[in-house]
Amino acid sequence: MNDDQIRPVLETKDLHVVHRARGGGLLDRTKVYALTGADLQIRAGETVGVVGESGCGKSTLAKALVGLQQPTSGQVLFGGTDVWSMSGAERRRTVGQGVGMIFQDPSGSLNRRMPVDQVIRDPLDVHRWRSGREREDRVRELMDLVGLPSSLARALPGQLSGGQRQRVSIARALALSPSVIVADEPTSALDVSVRAQILNLLLDLKTELDLAMVFVSHDIQTVRRISDRVVTMYLGRIVEQTPASALPDDGRHPYTRALFSATPGLLDPIEPIPLVGPVPSATAPPSGCPFRTRCWRADDTCATAMPEPERVGVGHELRCHHPISAGTSARDLAAQAREARAVTDDVKEIL
Ligand SMILES: Nc1ncnc2c1ncn2[C@@H]1O[C@H](COP(=O)(O)OP(=O)(O)OP(=O)(O)O)[C@@H](O)[C@H]1O
């Protein structure tokens, strides 16, 4: 069976999330296009990494996947059912049990006054999972699973180290035996020395419990290493989905290649592909392809329409009017981008 024939456990269809601008007054109707037309399928047992610059919509996508962010339009399907067509209680039951979330900052996501065993037990109580006795046993089992000694059962989150707090979050996310875990920057708030421990714990649990995982991170090297598939986002759009094994050199979207070229330590000595200017504001994304204002390959076509998704290989899809040929080296791309930039600068001077 190929990927297309395996039904996704979690899926988004043409998902849009538009926020109201932060800090605006009641009458400020400025819209922030945080997520635009996201189509994503998560299959049982796979790890999908999500990368992109700050503000591109990664967290919004993560929250939408776990039912914490109501879409403006489009669908989030769990086991084939649209979770936003359910009643609130049904959605909380379905998504709360089926999808676990791990946040970036365990301190912010744990109730400071609740001891560890109660934090882990909370979802079991909320979902009225089995008997009180079985819940106690389950909490012990979960603490053991994530490597927390039972002596910490009555400790408050503030008495734990950052790594221990993230273990508590992981135990809580796993309490109801979800089939998918969504981890939003799960290690970036931790000391460098414990990051690897928490990452390895997540990977071990994923294998042991046969979980699918969505892993959102700025750490592109880690994402590439642990994922089956890497999703690149730019200004609210999924612009490419690539088998991790094909990265970086077989990435076909100019933005994926630029992002990877700016990451130290990947394969060859790198040569960053120079991009022009900053990321445009999500309140006024450019027409057509959102990346066109910074892309060295863009032409007039790119301003007219967002390219349709194109399948270029197994598990490999992108939206680009001018995709890069597979296997083009980062060095060649950097040279192309520099040359295109020099031409643009010349034109500006003449004008
Ligand atoms: N609750 C909100 N209200 C208004 N705007 C928001 C809200 N949440 C996110 N945004 C905006 O939506 C866009 C996408 O934000 P999001 O947090 O999803 O991006 P991100 O890729 O996760 O960023 P980072 O990597 O910095 O966490 C940004 O422009 C952000 O400022």
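## Helix α4 and its partners

Helices α4 and α5 pack with their axes 9 Å apart, at an angle of about 125°. An angle of that size makes α4 and α5 oblique to each other, and α4 passes α5 in a right-handed crossing. On the α4 side the contact is made by Asp117, Ile120, Arg121, Leu124 and Asp125. On the α5 side it is made by Arg135, Arg138, Val139, Leu142 and Met143. The model described here is predicted.

How do α4 and α6 lie relative to each other? The axes of α4 (residues 116-126) and α6 (residues 162-174) come within 7 Å and cross at roughly 25°. Angles under 35 degrees count as roughly parallel, and α4 and α6 are therefore roughly parallel to each other. The crossing of α4 past α6 is right-handed. Val116, Val119, Ile120, Asp122 and Pro123 of α4 make this contact, together with Val168, Ala171 and Arg172 of α6. Ile120 is listed both in the contact with α6 and in the contact with α5.

## Burial in α4 and the residue that follows

Which residues of α4 are buried? They are Val116, Asp117, Val119, Ile120, Arg121 and Leu124. The buried residues of α4 pack against α5 (132-145) and α6. Asp117 and Arg121, both buried, belong to the contact with α5. Val116 and Val119, also buried, belong to the contact with α6. After α4 comes arginine 128, which has a positive phi, near 50°.

## The eight-strand sheet

An open sheet is built from 8 strands in the order β6-β7-β8-β3-β9-β10-β12-β11, and its pairing is mixed. Its edge strands are β6 (99-102) and β11 (310-313), each of which pairs on one side only. On average, neighbouring strands of this sheet are turned by 20° against each other, with direction ignored.

At the β11 edge, β11 pairs with β12 (residues 316-318) over 3 bridges in the antiparallel sense. Within this pair, glutamate 310 stands opposite leucine 318 of β12. Helix α1 (residues 58-65) packs on the sheet and touches β3, β6, β7, β8 and β9 (229-234). The direction of α1 makes about 155° with that of β8. Helix α6, the partner of α4 described above, lies across β6 and β7 and runs at about 170° to β6.

## Strand β8 and its neighbours

In the strand order, β8 stands between β7 and β3. Strand β3 (residues 47-51) is joined to β8 by 4 bridges, and the two run parallel. Threonine 47 stands opposite methionine 213 in β8. On the other side, 5 bridges join β7 (residues 180-184) to β8, again in parallel. Alanine 183 stands opposite phenylalanine 215 in β8. From β7 the chain crosses through helix α7 (residues 192-208) to β8, and this β-α-β crossover is right-handed.

Is β8 mostly covered or mostly open? Strand β8 (residues 212-216) is mostly covered, with 5 of its 5 residues buried. In a regular strand the side chains alternate between the two faces of the sheet. In β8, Ala212, Val214 and Val216 lie on one side and Met213 and Phe215 on the other, and all of them are buried. Both faces of the strand are thus covered.

## The four-strand sheet

Another open sheet has 4 strands in the order β2-β1-β4-β5, with antiparallel pairing. Why is one side of β2 and of β5 without a neighbour in the sheet? Strands β2 (31-42) and β5 (81-82) stand at the edges and have a single partner strand each, so one side of each is left without a neighbour. Strand β4 (residues 73-78) is joined to β5 by 2 bridges, and these strands run antiparallel. Leucine 77 has aspartate 82 in β5 as its bridge partner.

## Glycine 277

Glycine 277 is placed in the loop between α9 (254-261) and α10 (300-304). Is glycine 277 buried or exposed? It has 7 C-beta neighbours inside 10 Å. A residue is exposed if that count is 12 or fewer, so glycine 277 counts as exposed.

Beyond its neighbours within four places in sequence, glycine 277 is in contact with Thr293 and Arg294. Glycine 277 and arginine 294 are 17 residues apart along the chain, and their C-alpha atoms are separated by 6.4 Å.

Technical notes. Residues are numbered from 1 along each chain as its sequence is written. This is a predicted model: local features need pLDDT of at least 70, side-chain atom pairs count only at pLDDT 80 or more; totals for chains, interfaces and linings use all residues. A residue is buried if 20 or more other C-beta atoms lie within 10 Å of its own, exposed if 12 or fewer, and partly exposed in between; C-beta atoms are placed from the backbone. Two strands pair if DSSP finds at least two bridges between them. A crossover is right-handed if, with the strands pointing away from the viewer, the path from the first strand over the helix to the second runs clockwise. Axes are lines fitted to C-alpha atoms, for helices over the stretch in contact, and angles run from 0 to 180 degrees between N-to-C directions. Angles under 35 degrees count as roughly parallel, over 145 as roughly antiparallel, 65 to 115 as roughly perpendicular and the rest as oblique. A crossing is left-handed if the near helix is turned anticlockwise from the far one by less than a right angle, and right-handed if clockwise. Two residues are in contact if their C-beta atoms, placed from the backbone, lie within 7 Å.
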